[in-house]
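Here are a few exercises to work through with the model open beside you. Try each task before you read its solution.

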Amino acid sequence: MTDIQIRVSGGDAIGETAALWQWLREEDGLRGRVKAVAPPPGERELGGAVEILQVALEATGAAGVLARALTVWLRTRRSDVKVTLSRSPEGGRTTTVEVSNLDPAKVEEVLRRTLDGDSGADDA
């Protein structure tokens, strides 16, 4: 099983992360595969806000569903929102890609390459 970690930055990162979490949870092909990950609270904190989303991609086609969902979601956001995806297959090399200010026509292609484990995705 491969998990993808997604981090949103720029603008209101916490609000945008919550919006993306809701968006992905409503995708039929991702239901039950998306979870929010909050860092452990510091010594004098009540609890951290959700900073990372984790998506399990064990099902066939889930990577394509995620790539399409992220592409559409990014088109609905302001231009200062960045999405960073990290993929760490068991025993494999971590692949990371950051998507911001990318031609909307190329977003899905870059995300698919990353989600499919194409090492060329690091260059995007």
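**Exercise 1. The chain as a whole**

Among contacts in the chain between residues at least 6 apart in sequence, what percentage join residues at least 24 apart?

Solution. Start with the ground rules: this is a predicted model, where local features need pLDDT of at least 70, side-chain atom pairs count only at pLDDT 80 or more, and totals for chains, interfaces and linings use all residues. Residues are numbered from 1 along each chain as its sequence is written, and side-chain values use heavy atoms, with hydrogens and water left out.

Step 1: a contact means heavy atoms within 4.5 Å. Step 2: among the contacts between residues at least 6 apart, 61% join residues at least 24 apart. Step 3: set this beside the fold, which has 3 helices and 5 strands in the order β-α-β-β-α-β-β-α. Helices (H or I, at least four residues) and strands (E, at least two) are DSSP runs, numbered from the N terminus.

**Exercise 2. Confidence**

Find where confidence is lowest and where it is highest among the helices and strands.

Solution. Step 1: pLDDT is the predictor's confidence in each residue, from 0 to 100. Its mean over the chain is 78, and 79% of the residues reach 70 or more. Step 2: helix α3 (residues 104–115) has the lowest mean, 72, and helix α1 (residues 13–25) the highest, 92. Step 3: over residues 119–124 the pLDDT is below 50, although this stretch has 13 contacts in the model beyond near neighbours in sequence. Where pLDDT is low, the predicted coordinates should not be read in detail.

**Exercise 3. Helix α2**

Check the span of helix α2 and decide how enclosed it is.

Solution. Step 1: the expected span is 1.5 Å times one less than the number of residues. For the 14 residues of α2 (residues 62–75) that gives 20 Å, which agrees with end C-alpha atoms 20 Å apart. Step 2: buried means under 20% relative accessible area, exposed over 50%, and partly exposed in between (1.4 Å probe, protein chains only). Step 3: 11 of the 14 residues are buried, so α2 is largely enclosed by the rest of the structure. Among them are Leu 66, Leu 70 and Trp 73.

**Exercise 4. Salt bridges**

How many salt bridges does the count come to, and which parts of the chain do they link?

Solution. Step 1: a salt bridge is a side-chain nitrogen of Lys or Arg within 4 Å of a carboxyl oxygen of Asp or Glu. By this rule the count comes to 3. Step 2: Glu 51 and Arg 7 pair at 3.6 Å, N to O. Glu 51 is in the loop between β2 (34–37) and β3, while Arg 7 is in strand β1 (residues 3–9), 44 residues apart. Step 3: Arg 77 and Glu 16 meet at 2.8 Å. Arg 77 lies in the loop between α2 and β4 (82–87) and Glu 16 in helix α1, so this pair ties together parts 61 residues apart in sequence. Arg 77 is partly exposed at 26%, whereas Glu 16 is buried at 10%. Step 4: Asp 28 and Arg 31 pair at 2.8 Å, and both are exposed.

**Exercise 5. Gln 54**

Is Gln 54 buried or exposed, and which side chain does its own side chain join in a polar contact?

Solution. Step 1: Gln 54 sits in strand β3 (residues 52–56) and counts as buried because its relative accessibility is 15%. Step 2: its side chain joins that of Asp 3 in a polar contact of 2.8 Å. A polar contact is a pair of N or O atoms within 3.5 Å; within protein, one must be able to donate a hydrogen and the other to accept it, and residues adjacent in sequence count only if both atoms are side-chain atoms. Step 3: leaving aside residues up to four places away in sequence, Gln 54 touches residues including Asp 3, Ile 4, Val 34 and Val 37.
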